[in-house]
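Visitor: I'd like a close look at one part of this model. Could you walk me through a single helix, what it packs against and the spaces it borders?

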Amino acid sequence: MNTLQSVPTLGTRPAAGGNPSRAETRELLARATYDLLVIGGGILGTSVAWHAAQSGLRVAMVDAGDFAGATSSASSKLVHGGLRYLQTGAVKLVAENHHERRVLAKDVAPHLVNPLTFHLPVYKGGPHGAGKLGAGVFAYSALSAFGDGVGRVISPKKAAAANPALRTEDLKAVAVYGDHQMNDSRVAVMTVRAAVQAGAVVLNHAEVTGLRSTRGRVTGAELRDRTDGSEFGVDARLVLNATGPWVDRLRRMEDPAADPSVRLSKGAHLVLRRRAPWRAAMATPIDKYRITFALPWEDQLLLGTTDEPYEGDPADVTATEADIRQILDEAAHSVRGEHLSRDLLTYAFAGLRVLPGGPGGVESAKRETVVSEGRGGMLSVAGGKWTTYRHIGRTVLDKLAKLPGGGALAASAEGEDAVSVRELVRRTPLPGLANPNAVAHRLLMEGAPGVRMDPPTARQLATHYGSLAFDIARLVNEDPALGERIHPDGPEIWAQVVYARDHEWAETADDVLRRRTTLTIRGLDTEDVRARVEKLLGERGEGQG
Ligand SMILES: Cc1cc2nc3c(=O)[nH]c(=O)nc-3n(C[C@H](O)[C@H](O)[C@H](O)COP(=O)(O)OP(=O)(O)OC[C@H]3O[C@@H](n4cnc5c(N)ncnc54)[C@H](O)[C@@H]3O)c2cc1C
């Protein structure tokens with residue numbers, strides 16, 4: 001049994017090539033004038049920072065909490081075309097989403113984005129008939145040129161063979177289609193890394209408390225480092241407000257009279273231990289608009305989501321007891337009861353959709369990106385989908401280039417080379433691009449003498465870090481104690497904590513346990529584990545932190 005005393009000690013040395021310390025980063029941020037300051041390090045801000053840095057601009061990005069600590073780690077983890085949107089006739093939107101999904105899965109992040117087969121069960125008395133759903137999944141698959149197979153209808157018997165948890169009473173047929181899924185917080189941190197490799201300077205746990213302005217135009221921000229309370233400022237020619245659910249709060253810093261631009265809707269999810277392997281996910285229509293998902297994810301079962309108007313402080317959003325009950329009740333439409341028992345629940349979380357204002361219920365509101373330009377020239381952008389984050393990043397960059405102060409951006413988008421730069425940016429992979437099967441195989445075969453990695457750990461590293469997993473294996477080879485599991489019931493090892501601290505901007509135990517690894521979602525972040533992670537984080541080497 002691991003004890004506090006047995007925490008490996010390698011972590012006291014800063015890893016070679018690790019991130020600069022927070023003090024150094026603050027200094028870098030305060031010293032220069034940036035072409036672009038991105039406020040908000042969710043996936044949307046990170047995407048813009050990545051694309052802008054790739055275009056050669058001097059970019060800074062800050063987040064009040066952890067990167068992807070809000071909405072971007074609270075999604076349904078789907079990289080999808082959005083079957084539901086077909087109902088509203090949004091054919092072009094679905095085709096665009098499919099295109100981005102396939103580029104992500106094929107070129108940009110094949111090591112992090114995985115194919116997933118979906119079953120859409122049709123029950124007697126359900127909101128849609130088998131004919132309609134069959135036609136829907138066929139059209140859906142046609143819009144991605146049948147790249148994931150042909151959407152079709154199968155018998156309940158065949159569906160139950162792929163997924164023994166499927167409730168078969170009153171089941172008439174099952175429609176089948178293909179999409180993808182990911183670990184959203186891991187893809188986000190890999191995208192932050194891509195932005196930094198392209199030259200962006202980033203700092204998490206640094207909150208914007210006010211905006212700087214010059215002759216009425218927003219030209220920077222005042223910040224407070226939440227880890228030690230220190231205050232500093234950043235100057236920039238352009239400022240992007242990518243603060244998701246906080247978007248109007250930042251807009252009011254620019255113009256106290258700014259009208260609300262968005263409304264919020266809460267979506268909660270549950271994670272449960274899985275009792276059997278699932279070879280297909282379930283997407284079950286609850287009513288005309290809503291679908292409830294039951295997804296195999298991280299060897300667990302992910303259930304959700306809800307869709308309720310939310311008016312409180314975005315920082316306070318949580319999954320309530322009522323949310324938990326609703327999600328379990330809705331899942332029971334198609335999942336057998338024994339797979340939904342409360343003692344299997346390991347984690348519950350909630351996030352906020354940012355929706356355009358307007359009439360009608362939140363469940364029928366369009367999932368569009370909301371963009372507005374404020375009185376002081378700050379561009380605010382929120383909403384949209386994880387799936388299309390690269391597309392949103394490029395679109396926002398184009399808008400920024402047209403603003404006064406966007407000269408450097410406009411220059412990077414013009415001239416003979418501009419087309420090829422854009423093309424390059426379109427296909428640039430995330431760090432660690434590799435075939436995860438080959439990475440896992442090498443991890444199993446190539447340990448130092450006496451150091452053996454077990455297969456679930458090798459698989460976990462390969463599918464969450466790609467070829468960067470070899471850097472983690474190197475830590476283990478240097479100090480075999482770092483190869484021990486953090487918790488006996490999860491595949492993750494201590495080297496990942498050291499790596500998260502030195503290379504992935506992890507500052508708090510939650511950064512490590514909830515977002516760099518899957519310990520929290522598996523319900524394995526015990527007090528002992530937390531204390532040991534905090535100890536390792538505190539042992540950052542000289543000059544770090
Ligand atoms: C329940 C739910 C399920 C979803 N499922 C999917 C899905 O399966 N597939 C899909 O494609 N999309 C999905 N989405 C949509 C997707 O998750 C979002 O579009 C995306 O995460 C939005 O990212 P963002 O960067 O705009 O916001 P956020 O991730 O919320 O980032 C905003 C950041 O701004 C920071 N911030 C706020 N105030 C300040 C300040 N003063 N100073 C500095 N930083 C600040 C916050 O700390 C936060 O990290 C889902 C959304 C929800 C809510």
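Guide: Let's take helix 6 and follow it from its packing partner to the spaces beside it. Bear in mind that this is a predicted model, where local features need pLDDT of at least 70, side-chain atom pairs count only at pLDDT 80 or more, and totals for chains, interfaces and linings use all residues. Residues are numbered from 1 along each chain as its sequence is written, and side-chain values use heavy atoms, with hydrogens and water left out.

Helix 6 covers residues 184-197; helices here are DSSP runs of H or I with at least four residues, strands are runs of E with at least two, and both are numbered from the N terminus. Its partner is helix 2 (residues 43-54), and the two axes come within 8 Å and cross at roughly 25°. Those axes are lines fitted to C-alpha atoms over the stretch in contact, with angles from 0 to 180 degrees between N-to-C directions. That angle makes helix 2 roughly parallel to helix 6, a label for anything under 35 degrees. The crossing is left-handed, meaning the near helix is turned anticlockwise from the far one by less than a right angle.

As for who touches whom, Ile43, Thr46, Ala49, Trp50 and Ala53 of helix 2 meet Ala188, Thr191, Val192, Ala194 and Ala195 of helix 6, with contact taken as heavy atoms within 4.5 Å. By class that's 8 nonpolar, 2 polar and no charged residues (Ala, Val, Leu, Ile, Met, Phe, Trp, Tyr, Cys and Pro are nonpolar, Asp, Glu, Lys and Arg charged, the others, Gly among them, polar).

Now for the spaces. On a 1 Å grid over the protein atoms alone, a cavity is a set of points where a 1.4 Å probe fits but cannot get out, a pocket is an open set with protein on both sides within 12 Å along at least five of seven lines, and lining residues have an atom within 4 Å of a point. The largest cavity holds about 50 Å³, a volume being the space filled by probe spheres set on grid points joined across faces, edges and corners. Helix 6 and helix 16 (509-516) each give two or more residues to its lining, which includes Asp184, Ser185, Arg514 and Arg515. That lining divides into 2 nonpolar, 4 polar and 4 charged residues.

Helix 6 also gives two or more residues to the lining of the second largest pocket, whose volume is about 640 Å³. Helix 13 gives the most there, with 5 residues. Trp297, among the residues nearest that pocket's centre, lines the largest cavity too.

Technical notes:
Angles under 35 degrees count as roughly parallel, over 145 as roughly antiparallel, 65 to 115 as roughly perpendicular and the rest as oblique.
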